[in-house]
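Grab a pencil and work through these short exercises with the model open beside you. Each one has a task and then a solution in steps.

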Amino acid sequence: MSSFNPLSLRKYFIMGSQNVKGNPVAVLEQAIQAGITIFQFREKGPGSLSGDSKIKLGKELRAVCSVHQIPFIVNDDVELVDKLDADGIHVGQDDQSVKELREMFPNKIIGLSVSNQDELNNSALEYVDYIGAGPVFLTTTKVDAKSSVGLDWIRFLRAEFPEFPIVGIGGINTTNASSVLKAGANGVSFISAVTRAEDIKEAVSKL
Ligand SMILES: Cc1ncc(COP(=O)(O)OP(=O)(O)O)c(N)n1
Ligand SMILES: Cc1ncsc1CCOP(=O)(O)O
Ligand SMILES: [Mg+2]
């Protein structure tokens, strides 16, 4: 297992170029200044980059995280882990298996999405550092998002796994973030709460 610190889940910012109108590097820099604790590079969905442009942007974002000592996680793309010297990878139930990933990356952070009881039954949590639980609330950011599972899913996971690191995801914003923490999550992850914020500093501090 990696030497993962669950405190780093507290403010988990996720972004790809498709989520922002301006320069993603500038958005990440502002989010880091404002207090995010971990970052996931999720270049995916309509308008996202691929190939060399994706790698180029990933390297730029990785460099920003390195300077500020913010853990840098890649979404889905196993080949990017070594190319970007990422600290870890986040995968869903239909992505590469966490057992294989743990064999490939014994010391990296591995996150797994778990959205319901069936997925939990199929999840080899012994290979995983943290669970991404959700969508907690309605989200329009991920086109193929599952239906929202509510705070009860967080409460259930916390009761089942008193010590396991859990981060909520999906529709989390400055108004509802505290309810996710109260339900038992170690932290909240968010895209639009920051990428669509008028004031990134204010948004991150409220989150
Ligand atoms: C922290 C976190 N939790 C959940 C997800 C969703 O992962 P996945 O289900 O694989 O969906 P995509 O993000 O790949 O579309 C996540 N990315 N991060
Ligand atoms: C990647 C992902 N996985 C489940 S919901 C979601 C999108 C989260 O985006 P937002 O924070 O804007 O709802
Ligand atoms: Mg995925």
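**Exercise 1. Which residues are closest to ligand 1, and how many surround it?**

Step 1: Bear in mind that you're looking at a predicted model. Ligand 1 has 18 residues around it, and the closest are Gly92, Ser113, Gly132, Ile169 and Ser189.

Step 2: Sort that shell by class, and you get eight polar, five nonpolar and five charged residues.

Step 3: Now see which strands contribute. At least two shell residues come from each of strand 1, strand 4 and strand 5 (109–114).

**Exercise 2. Find the residues UniProt lists under "binding site", and work out why they gather at one spot.**

Step 1: The UniProt record, an unreviewed entry, gives Asp76 and Asp95 for this feature.

Step 2: The two span 20 residues in sequence, yet their C-alpha atoms are no more than 6.5 Å apart, so they gather at one spot.

Step 3: Place Asp76 on the chain: this residue sits in the loop between strand 3 and helix 3.

Step 4: Is Asp76 buried, exposed or partly exposed? Count the other C-beta atoms within 10 Å and you get 16. Buried would take 20 or more and exposed 12 or fewer, so Asp76 comes out as partly exposed.

**Exercise 3. Trace the chain from strand 2 through strand 3 to strand 4, and give the handedness of each crossover.**

Step 1: Start with strand 2 (residues 38–41), which pairs with strand 3 (residues 72–75) in the parallel sense over three bridges. If you want a residue to anchor on, Phe41 has Val74 as its bridge partner in strand 3.

Step 2: To get from strand 2 to strand 3, the chain goes through helix 2 (residues 51–68), and this β-α-β crossover is right-handed.

Step 3: Carry on to strand 4 (residues 88–91), which runs parallel to strand 3 and is joined to it by three bridges. Here Asn75 stands opposite His90.

Step 4: The link this time is helix 3 (residues 78–83), and the β-α-β crossover from strand 3 to strand 4 is right-handed.

**Exercise 4. Where in the protein is confidence lowest, and where is it highest?**

Step 1: Begin with the whole protein: the mean pLDDT is 97, with 99% of residues at 70 or more.

Step 2: Go down to the elements. Helix 5 (residues 117–121) is lowest at a mean of 97, and strand 1 (residues 11–15) is highest at 99.

Step 3: Finish with the model's overall scores, ipTM 0.99 and pTM 0.98.

Terms used
Residues are numbered from 1 along each chain as its sequence is written. Chains are lettered from A and ligands numbered from 1 in the order in which they are written. This is a predicted model: local features need pLDDT of at least 70, side-chain atom pairs count only at pLDDT 80 or more; totals for chains, interfaces and linings use all residues. Two strands pair if DSSP finds at least two bridges between them. Helices (H or I, at least four residues) and strands (E, at least two) are DSSP runs, numbered from the N terminus. A crossover is right-handed if, with the strands pointing away from the viewer, the path from the first strand over the helix to the second runs clockwise. pLDDT is the predictor's confidence in each residue, from 0 to 100. A residue is near a molecule or strand if its C-beta atom, placed from the backbone, lies within 6 Å of it. Ala, Val, Leu, Ile, Met, Phe, Trp, Tyr, Cys and Pro count as nonpolar, Asp, Glu, Lys and Arg as charged, and the others, Gly among them, as polar. UniProt positions are given in the numbering used here, feature names are shortened, and annotations may be inferred rather than shown by experiment.
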